[in-house]
Amino acid sequence: MKISVASGKGGTGKTTFAVNFSLFLNNKNKNKVVLVDLDVEEPDCHIFLNDNKLNTKECFRQTPKVNEKCNLCGKCADICEFNAIAVTNTKVIIFPELCHSCFACIEMCPQNAFDIENIEMGEIHWENVTNENLCFIEGKLKVGEVMAVPLIKQTKNFASEKFKGATYFIFDSPPGTSCPVIEATKDSDFIVLVTEPTPFGFHDLKIAVETMQKLKKKFGVVINKSGIGNSKESFGQELYNYCKNENIPILGEIPYSREIAELYSRGKDIITIPSINNIFRKIEKGITGLL
Ligand code: SF4
Ligand code: SF4
């Protein structure tokens, strides 16, 4: 089963949930669980896992490179949807940071004047962590590299091949609702949207919900830091009413507590707290019931 953890707003506790839910599933019945950190610009799941030395694989993306057959006709610049090519009177300039590797320019070039160049975009790191059943993989973009989607795709493919037969893949998605999030969620069986009961959290949750509805994904909401901000006790019931009106299941609520904050700040997991373990049990049951 593939479960993506997404949020819309950053800082809602998406990574905390992804790591602890993976540990929970791993502990329970010794399921083989693979935690995949797809937040490739700033992967941080590893902070909460063992400090094992991770295996490393360099990752590349392909971009076109002009060769001597070019006659400067300009067709490639016209065809490129992403303005990644400029043709001057004397040369063709390719901007690799804008290239989406669609290869339309290569297909359309009448002179067959393109070769393909590999550009290093980042690395995949992986390791078995707490025990033989919990495996961990992350994609990490090179500093200065702006194209997250190709690395997310390669990290997902690598995880599926490396850990064939795992019971669960938990994908920690990037924040937001743009292309990297779509790539990190589009193949999953279920999406957990982690939110917090604050005006910002609520605002971005609605955008994340619209995105998942457009993708026709099954999803549910986990409210983290329950008890602060726009919660039942203080700013009213907007978040709860919204979920009720939109028929969105609230899978569980993780309380805003000093104990959790202290464990988090030390990079420790929170499933050691019995009440949190029960909440994760309820969330797992909720997800299974919706599939
Ligand atoms: S389409 Fe081909 S021949 Fe024309 S400018 Fe581009 S690379 Fe050169
Ligand atoms: S591969 Fe696609 S995105 Fe890249 S330069 Fe060619 S047409 Fe543009």
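1. Start with the sheet pairing. Strand S1 runs parallel to strand S8 (residues 168–172), and 4 bridges join the two. Within this pairing, Lys2 sits opposite Phe169 of S8. Note that the model is predicted.

2. S1 has a further partner. Strand S9 (residues 190–195) also pairs with S1 in the parallel sense, again over 4 bridges. Here Ile3 has Phe190 as its bridge partner in S9.

3. How enclosed is strand S1? S1 covers residues 2–6, and 4 of its 5 residues are buried, so the rest of the structure largely encloses it.

4. Next, the nonpolar interior. The largest nonpolar core counts 62 residues. Val5, Leu35, Val36, Ile170, Val192, Leu193 and Val222 have the most contacts inside this core. Helix H1 (residues 14–27) supplies the largest share of the core, with 7 residues. Another core lies apart from it and holds 12 residues, including Ile94, Cys99, Cys105 and Ala113.

5. Val192 deserves a look. With neighbours within four places in sequence set aside, Val192 is in contact with Ile3, Val5, Phe17, Gly220, Val222 and Leu251.

6. On domains: the assignment splits the chain into domain 1 (2–59 + 124–290) and domain 2 (68–112). Domain 1 is thus written as two segments. The centres of domain 1 and domain 2, taken over C-alpha atoms, are separated by 39 Å.

7. Ligand 1 is surrounded by 14 residues. Cys70, Cys73, Cys76, Cys109 and Gln111 come nearest to ligand 1. By class, its shell has 10 nonpolar, 3 polar and 1 charged residues.

8. Which residues are closest to ligand 2? They are Cys80, Ala84, Cys99, Cys102 and Cys105, out of 14 that surround this ligand. The ligand 2 shell has 12 nonpolar and 2 polar residues, with no charged residues. Cys99 and Cys105 also belong to the core of 12 residues.

9. Overall figures for the chain. There are 9 helices and 11 strands. Along the principal axes, the C-alpha atoms fill a box of roughly 70 × 40 × 35 Å. The chain has 291 residues, and buried residues make up 43% of them. Of the contacts with a separation of 6 or more, 77% are between residues 24 or more positions apart.

Notes. Residues are numbered from 1 along each chain as its sequence is written. Chains are lettered from A and ligands numbered from 1 in the order in which they are written. This is a predicted model: local features need pLDDT of at least 70, side-chain atom pairs count only at pLDDT 80 or more; totals for chains, interfaces and linings use all residues. A residue is near a molecule or strand if its C-beta atom, placed from the backbone, lies within 6 Å of it. Ala, Val, Leu, Ile, Met, Phe, Trp, Tyr, Cys and Pro count as nonpolar, Asp, Glu, Lys and Arg as charged, and the others, Gly among them, as polar. A nonpolar core is a set of buried Ala, Val, Leu, Ile, Met, Phe, Trp, Tyr and Cys residues joined through C-beta atoms within 7 Å. A residue is buried if 20 or more other C-beta atoms lie within 10 Å of its own, exposed if 12 or fewer, and partly exposed in between; C-beta atoms are placed from the backbone. Two residues are in contact if their C-beta atoms, placed from the backbone, lie within 7 Å. Domain bounds come from an automatic or database domain assignment. Two strands pair if DSSP finds at least two bridges between them.
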